[in-house]
Amino acid sequence: MSFNQKSTITYTVWNLDVWGHGPDECEDSLGCPCMADDPDHEGQRIHDPDAHECDAGYDVNDRCRVGTVEVQTDETVNYTHPTASVGWYPSDGAIVRALIDAGYLKDACTASDVDIDGESDGLLMLDESQDGRPLFQLEYKSETAVDVQHAVTVSP
Ligand SMILES: [Zn+2]
Ligand SMILES: [Zn+2]
């Protein structure tokens, strides 16, 4: 016999205090070594990361707990051994949707706007995919199995 099972994973949402800047924001006033004179426009400065290594990057200085979010696992997992441990993994799309529903991300966000790294049963790190700015951390809190269905299976 096998079961089709889904689960709802509750994560603690950590808001991040981020230091640093992205390559779009490099400026002389920030002391960036990657700024250079614009050869085409006298007196103007341009971002020239080819000439001098770009210092752009982000650090998480601090974080604070702002709430929780419930993420549904998308896929139905089939397993045949009732005592086997089964991991349910939320898709990136399900995580982004849950964060939009809870008001943490803008409606227009899609899974391709967010890089998600880490363990879905531990700590997940969410960065803006465009420039790597850290957005949130999600910390696994609890998991509830839902939608248990006894599936008809043909076993040998
Ligand atoms: Zn810079
Ligand atoms: Zn730069």
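The following exchange goes through the fold, the core and a few residues of this predicted model.

Colleague: Which conventions apply to this model, and at what pLDDT do local features count?
Modeller: Residues are numbered from 1 along each chain as its sequence is written, and chains are lettered from A and ligands numbered from 1 in the order in which they are written. The model is predicted, so totals for chains, interfaces and linings use all residues, side-chain atom pairs count only at pLDDT 80 or more, and local features need pLDDT of at least 70.

Colleague: What pattern do the helices and strands follow along the sequence?
Modeller: Helices (H or I, at least four residues) and strands (E, at least two) are DSSP runs, numbered from the N terminus. The protein has 1 helix and 8 strands. Read in order along the sequence, these give β-β-β-β-β-α-β-β-β.

Colleague: Which strand gives the most residues to the largest nonpolar core?
Modeller: A nonpolar core is a set of buried Ala, Val, Leu, Ile, Met, Phe, Trp, Tyr and Cys residues joined through C-beta atoms within 7 Å, where buried means that 20 or more other C-beta atoms lie within 10 Å of a residue's own, exposed means 12 or fewer, and partly exposed lies in between, with C-beta atoms placed from the backbone. The largest such core has 19 residues, and Leu 126 and Phe 136 have the most contacts inside it. Two or more residues come from each of β1 (2–21), β4 (57–72), α1 (92–101), β6 (114–118), β7 (123–128) and β8 (134–151). With 5 residues, the element that gives the most is β1.

Colleague: Which residue of β6 stands opposite Leu 126?
Modeller: Strands pair if DSSP finds at least two bridges between them, and here 5 bridges join β6 to β7, which run antiparallel. These two strands form a hairpin with 4 residues between them. Leu 126 touches Val 114, Ile 116, Leu 135, Phe 136 and Leu 138, not counting residues up to four places away in sequence, where touching means C-beta atoms, placed from the backbone, within 7 Å. The residue that stands opposite Leu 126 in β7 is Ile 116.

Colleague: Within what arc do the buried residues of α1 fall?
Modeller: In α1, the residues Ile 95, Val 96, Ala 98 and Leu 99 are buried. The arc is taken from the directions that run from the helix axis to the C-beta atoms. Seen down the axis of α1, its buried residues line one face of the helix, because they fall within an arc of 160°.

Colleague: Is Pro 134 buried or exposed?
Modeller: Pro 134 is found in strand β8, and among the residues that it touches are Leu 16, Val 18 and Tyr 58. Its C-alpha atom is separated by 9.5 Å from that of Asn 15, although the two residues are 119 apart along the chain. Because Pro 134 has 20 C-beta neighbours inside 10 Å, it counts as buried.

Colleague: How many C-beta neighbours inside 10 Å does Ala 111 have?
Modeller: Ala 111 has its place in the loop between α1 and β6, and it touches Asp 92, Gly 93 and Val 96, not counting residues up to four places away in sequence. Ala 111 counts as partly exposed because its number of C-beta neighbours inside 10 Å is 15.

Definitions and conventions: Two residues are in contact if their C-beta atoms, placed from the backbone, lie within 7 Å.
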